[in-house]
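Grab a coffee and work through a few short exercises. Try each task yourself before reading the solution.

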Amino acid sequence: MRGWSTGRDPGTCRAWLAIFLLIFLVHVVKPSSESDPYKILGVGRSASQAEIKRAYKSLAREWHPDKNKDPKAEDMFIKISKSYEILSNEERRSNFDRYGQMDENQPFGQSQHHGFRHFHNSFYFDESFFHFPRSRDFADSKYMLHYAQFNSDVLPDSFKRPYLIKVTSEWCFACIHIEPVWKNIVQELEPLGVGIGIVDLGYERRLANQLGAHRAPSIIGLVNGRLTFFHSTVVQEHLRQFIEDLLPQKLVERVNDNNYQAFLDGWQVENKPSLLLFDQVPVVPLLYKLTAFAFRDYIRFGYVDQGETHNTRLLRQFSINTYAPTMLLFKENTEKPVDVIQARGMKKQIMDEFVSNHKFLQVPRLVSQQLFDELCPVKQFHRRRKYCVLLITGEDEAFLPGNKAFLDFATVNKKEVLRFAYVYRRKQQPLCQALLHNQAAGSAQVVILERRSQTGRVLYRSVSGGWNGSEEDKYRLHEQLELLQKDPTYLTSDATLPELNNEMAPIFIIQWMNAAYDYILQIYDDLLYSNWREMMPILSLIFSALFILFGTVIIQAFSEPGESKPQKSKPKEQSTTQAEDKTSSRTNTSSRPPKKDFVEVTELTDVTYTSNLVKLRPGHINVVLVLTNASKNALLRKFAKEVFSFSGTQSLHFSFLNADKHCLWMPSLLRSASAAGQSESRLDDEESSDYTGHVLALNGNKKYFCLFRPVFTGDDPNDSSSETSFSSDSKRKSRSRSRSSSHSRSRSHSREDGAIPKRGSSRATSIEVHHKLDRLGLWMERLMEGTLPRLQVPAWPTLESTSSSSTES
C-alpha cells in the first residue's frame, strides 16, 4: 500500500479496485437454486423450447394443487409457472441469462436475501460501497409514470400545472449523480404545485418513445401538452428557472400607482375578477405564477412590489400591511375588495381555496358555452335546483343604467340556488332568438331559466314588462323569484338553446401565428440539442418538401412550352397497343378512372360476365365490342381509337366478346328483344349472319341495350356509313351489305392478322374489317346524349349456356 500511495493517486486505485470487484461479482454471483428457473424446471441452460415445455407439463401435473395435497404444492406450482413464463419468452430468458432478471415488473423471489437482484440494488445504491445515496428509497412508486396513466391523467393535467419528468434506468451511473439535486428540487417544487414524474427507460419503453427520450438521464418539462427537454447543468437553480421559463410570459401583470386603476377596470373587457398580491420581494414568486397558471381562465392576476417607492399611494389607499404578503380580490366594485387574505407563510392550499371561492364576477357576462355550463349547470337528481336569472341587454350607453340596477339587485339577492348573468343580444343572437322569439330589441329583458339536459333543453319564463332598472321592475322580479322557489312548475316555456359563441377566442390568424411560433421554437430546440436519430423525422419532412417543390415548380418553370402539349397521333397508337396487350391478362373490370394514355378493355368471360353486366351498378353502361379471333387485333385498335375521347367518363366501361367462344350469345340476345315485343326488332334473318364489329351499350340494371351495326365499303372509306338509327331503309342496306361481304370475310379470316394479301379481294377484305367501326364515334356521342333507341330484354342470356351449346354443335 505504501508503494501505491507514493507512486499513484489513492482515489484512482480505489476506482480501479471498485471496477474490478464489479466485474468479478457480476460473473461470479449466480441465482440460487430456489430462484433459478432452470433448476426449478430441471433443465439445462442450453435446453430447447420443446424440452422446456415438456418439463413444465410434467411438473405442472405433478404439483398441481388440485392433485397434490402437499402443503408446499401451491407455492411450488407458482414457481413452476413463473419459471416457464420466463424461459418460454426469448427476451425474458436472455435478460435472465445476462443479468438474472426474473420479471419485467418485479423480481422473482424478491424476498430472498441471496438473489442477484437484491445484490444488484444493495451493491449499486448502498452508501457503504460507492458513497452514493439510495435512490430507490426516494423514487417512490407514486412518481412512476406508465403509458396509460400519462395519456389519461398527466397530459390533460398539464394544462393546469407544469410537470417535471425524469427519465432514468437501472444501469445508469449518471442518474446516480443527479439524485441529490433531483431530491432537493422535488421537495421544493412539489409543495408549490409542480407535478413530478419518473419514467423507467427499461420498463416503459413505449412511453419513453412517445416522450422522445432515448437516453438516460433526461429531464423533460411538460406544459400545455408540450414537451421541452432540459439541456443545462443539473443544479437546483437551473431547474427552478427551467420551470418558470415553461410558463406563459403574461400570466402576472406588474401593478403600481400609475396603472392600478386601469388594471382593476379591466374586468369589463375580460369579464374576470382581479387579484392583487402585495409582497416585499422584487420578483413575482413562483407560487403566485403557478396559481395564476392554474386559474388563468377565471382570474386576472397582478403583483405589487411593496419595496418600490412609486407604490406608496396604492399601499395607503388599501391599508396594506407591509410585514406579510396580502391578497386583495376585486370584482365589479374597484374601490373596495370583496375579500382579503393575509398570511406570513402563504401556502398553495390557502391560495387555491381563496381563488376557487371567487372565480366569477357578481354578474358575469356569458361569453362562452364553458362559462354557461359552469354558471348554470344541468339539473341533477341528487342536487338542489339551480336557476339562472339572465338579463338580455345591449352595449349602448342607453342600457347602462338598467345593467347597473341589475347588478345592484343581484348583490342584494344573492342565494345559493340563483345565478345572475347577462348577455349582449348582438353577440349572442341565436341564444336570444330562442328565448325571446324575435321580440323587438328596444328594451332589455329578464329571463329565468333552468337547464334540463346537456343538449340545450331548458325550461324558462320571461319577466313581463321588460327591464328598465326601476324600483317597479326590481319588485316584479323579486316577486317572481319568490313564486319560483315555492312552485318549481312556475317555468312554463320549453326551448332548446344553441351553443354559445366564444367571444374571447382569438381570431384564426392569431391562432395560426401562435402555433407557427411554437413549432419554430420546437424545431430550433431540436436542431440545437437533438442528435441525428431524433432529427430524422424533421429532416425527412424538410427534404420531402424540397423535393416536391423542385419537381412541381422548378421543372415546370424551365420546361419548354411545347413539351406540355399532348401529341395527337402517337398517344392513340400507344393506347391501342396497351389496350390490346392488357385485354388478355385482365379479368376484372376496374372501377378506377381510366388513365390518359390507354383505354382499359376487359373480355367478357364466365368469370367477369356477372360483375360487368348482370350486377352492373345503376347508372353504369358497359360498351361491348363483338369480334372473332381473326379480327381481334384490328378491331381492338380501331375500337380504342374511337372510344378514347369517352374513356374519362367513370360510368362507362369497355369490354369485348369473342364470338368464336360464345357464338350463340348474340342471337339469344336479339331473340329476347324480339320476344319482348320491341318495335323494329325483327332480326330473325340475322341469326346466322356474322356479328363481327357489332357494338352494344348494355345497361345491366335496367335491362336494355343499344345496338351499333357496322357499315363499310371495299374501296372508299369515306362512303362507309354507320347505322345509328333503326329506320327500315338503313337496316335493309346494312343487311344486304353484310350478306354480300360474308363470303369474302370467311375466305380471308386466315389472312387478316397481318398475312400478305393476294390480289384485290384480300386487300378489300382487310380494308372492310378496318373500316367497320368508322362511325362508332358518332354513335358514342348519341349514346352520351341519350338519343339512341333502346331495346328491352326480360333477362340477360348466360354465357355458360351459349358456350356449351357451341361446343356441342
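The exercises below go through a predicted model, starting with backbone geometry and ending with nonpolar cores.

**Exercise 1. Find out whether the peptide bond from alanine 216 to proline 217 is cis or trans, and place proline 217 in the fold.**

Start with omega: for the bond from alanine 216 to proline 217 the angle is near 0°. That makes this peptide bond cis. Next, look at what flanks the proline. Helix α13 covers 205-211 and strand β3 covers 218-223, and proline 217 sits in the loop between them.

**Exercise 2. Asparagine 224 has a positive phi, and so does asparagine 271. Work out where each sits and whether each is buried or partly exposed.**

Take asparagine 224 to begin with. Its phi is near 55°, and the residue isn't a glycine. You'll find asparagine 224 in the loop that links β3 to β4 (226-229). With a relative accessible area of 31%, asparagine 224 is partly exposed, because that class runs from 20% to 50%.

Now asparagine 271, with phi near 60°. This one lies in the loop between α16 (267-270) and β6 (274-279). Its relative accessibility is 11%, so asparagine 271 counts as buried, the cut-off being under 20%.

**Exercise 3. Describe the surroundings of asparagine 256: which loop, buried or exposed, and what does the residue touch?**

Begin with the loop: asparagine 256 is in the stretch between β5 (252-254) and α15 (260-264). At 17% relative accessibility, asparagine 256 counts as buried, because the limit is under 20%. Then follow the side chain, which reaches the backbone nitrogen of asparagine 258 at 3.0 Å. Finally, skip anything up to four places away in sequence, and the residues touched by asparagine 256 are His310, Asn311 and Leu314.

**Exercise 4. How many residues does the largest nonpolar core have, and which have the most contacts inside it?**

Count first: the largest nonpolar core has 42 residues. Leu164, Leu275, Tyr288 and Met327 have the most contacts inside this core. Then ask who contributes: helix α17 (residues 286-294) gives the largest share, six residues. Apart from this core lies another one, of 27 residues, including Val601, Val623, Leu627 and Leu783.

**Exercise 5. Pick methionine 327 and list what it touches, leaving out residues up to four places away in sequence.**

Go in sequence order. Methionine 327 touches Leu275, Leu276, Leu277 and Tyr288, among others. Further along the chain, its contacts include Asp339, Val340, Ile341, Met346, Met351 and Phe354.

Note on methods. Residues numbered from 1 in each chain as written. Predicted model: local features only at pLDDT ≥ 70, side-chain atom pairs only at ≥ 80, totals over all residues. Heavy atoms only, no water. Helix = DSSP H or I, 4+ residues; strand = E, 2+ residues; numbered from the N terminus. Buried < 20%, exposed > 50% of the residue type's maximum accessible area, 1.4 Å probe, protein only. Polar contact = N/O pair within 3.5 Å; in protein donor to acceptor, adjacent residues only side chain to side chain. Contact = heavy atoms within 4.5 Å. Core = buried A, V, L, I, M, F, W, Y, C linked by side-chain atoms within 4.5 Å.
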